[in-house]
Amino acid sequence: MKILITAGPTREKIDPVRYITNRSSGKMGYAIAAAALEDGHDVILISGPVSIDPPAGATVINVESAGEMASAVHQHADKADVVIMAAAVADYRPAHPFDNKMKKMPGKLYLELERTEDILGSLGKNKRSGQLLIGFAAETDDLENNALGKLERKNLDWIAANLVSDAFAADTNKITLYKRSGEKIALPAGSKTDVARNMLQVILT
């Protein structure tokens, strides 16, 4: 199958040297890409800025901002049998980024933010028949309710839910999979490589 996977964080420009980002390392998305390649699938990996090497054999598209990721995803999603959105895409970006480096000024600085495109929601609205759409929910609390709400709102087939404390910047993960039909599967905690293999075995069978 052709599998589209997103991974890593995005960076939203404040000025030429500053940006808003998050702590995502990209390791989970890259592990899923590697596991899919091991199983013989055709992988497109759309990656935000990370410090790890992509798995050999993947078609890699490097992006930086949420807008760039949205463009790349929409360009390739229609051709994918499976879309796995593991990237930690920024929900907000500076509304008026500066063209030149900001200088330190007296007093407070207020940064106006605007929403970025809801990539996952857009994919859910336009999902073609037979296509599998999998999202991720990284939460700090109320994991199950937040994951199930996102599963429903975004029209997903599966959602992979984990606590931020179990995943971000770590080499291990602990994921619970929720299926649209109501099935709940807690994967064994372990390395992100093992979790990725177990995850694919569940969602692709």
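Here is a walk through a few parts of this structure, one element at a time. Keep in mind that what you're looking at is a predicted model.

Let's start with strand β1, residues 2–7. Of its 6 residues, 5 are buried, so the rest of the structure largely encloses this strand. β1 has partners to pair with. One is strand β4 (residues 42–47), which runs parallel to β1 with 6 bridges between them. If you want a spot to look at, find L4, which stands opposite I44 in β4. Another partner is strand β6 (residues 82–85), again in the parallel sense, this time over 4 bridges. There, I5 sits opposite I84.

Now move to helix α2, which covers residues 66–76. Its buried residues are A66, M69, A70, A72, V73 and H76. What do the buried residues of α2 pack against? The list takes in the strands we've just met, β1, β4 and β6, along with β2, β5 (59–62) and helix α3 (119–125).

V73 is a handy guide to this part of α2. Its relative accessible area is 0%, which makes V73 buried. Setting aside neighbours within four places in sequence, V73 is in contact with L4, T6, I46, M85, I119 and L123. L4 is the residue you already saw opposite I44. As for A137, it lies 64 residues from V73 in sequence, and their C-alpha atoms are 18 Å apart.

Next comes strand β2, residues 12–15. A hairpin of 2 residues links β2 to β3. The two strands run antiparallel, with 3 bridges joining β2 to β3 (residues 18–20). Across the pair, K13 stands opposite Y19.

E12, also in β2, deserves a pause. Which side chain of opposite charge is nearest to E12, and how far away is it? It's R93, at 5.3 Å, and E12 has no salt bridge even though it is buried. A salt bridge would need a side-chain nitrogen within 4 Å of a carboxyl oxygen, so a distance of 5.3 Å doesn't qualify. The side chain of E12 does have a polar atom 2.8 Å from the backbone nitrogen of A66, and A66 is one of the buried residues of α2. Beyond four places in sequence, the contacts of E12 include Y19, I20, S65, A66 and R93.

Finally, let's look at helix α4, residues 143–153. L143, A147 and L151 are the buried residues here. Viewed down the helix axis, they fall within an arc of 60 degrees, so they line one face of α4. There's a simple pattern behind this: an α-helix has 3.6 residues a turn, so residues three or four places apart point the same way. The buried residues of α4 are covered by elements including β9 (132–139), β10 (158–163) and β12 (176–179). Turned away from that buried side is a face carrying the exposed residues N145, E152 and R153.

Take a look at what surrounds α4, too. D142 sits in the loop between β9 and α4. With a relative accessible area of 45%, D142 is partly exposed. Its side chain makes a polar contact of 3.1 Å with the side chain of N145, one of the exposed residues of α4. D142 and L163 are 21 residues apart along the chain, with 9.2 Å between their C-alpha atoms. After α4 you'll come to N155, whose phi is positive, near 60 degrees.

How values were computed: Residues numbered from 1 in each chain as written. Predicted model: local features only at pLDDT ≥ 70, side-chain atom pairs only at ≥ 80, totals over all residues. Heavy atoms only, no water. Buried < 20%, exposed > 50% of the residue type's maximum accessible area, 1.4 Å probe, protein only. Lys, Arg positive; Asp, Glu negative; His and termini not counted. Polar contact = N/O pair within 3.5 Å; in protein donor to acceptor, adjacent residues only side chain to side chain. Contact = heavy atoms within 4.5 Å. Arc of directions from axis to C-beta. Pairing = 2+ DSSP bridges.
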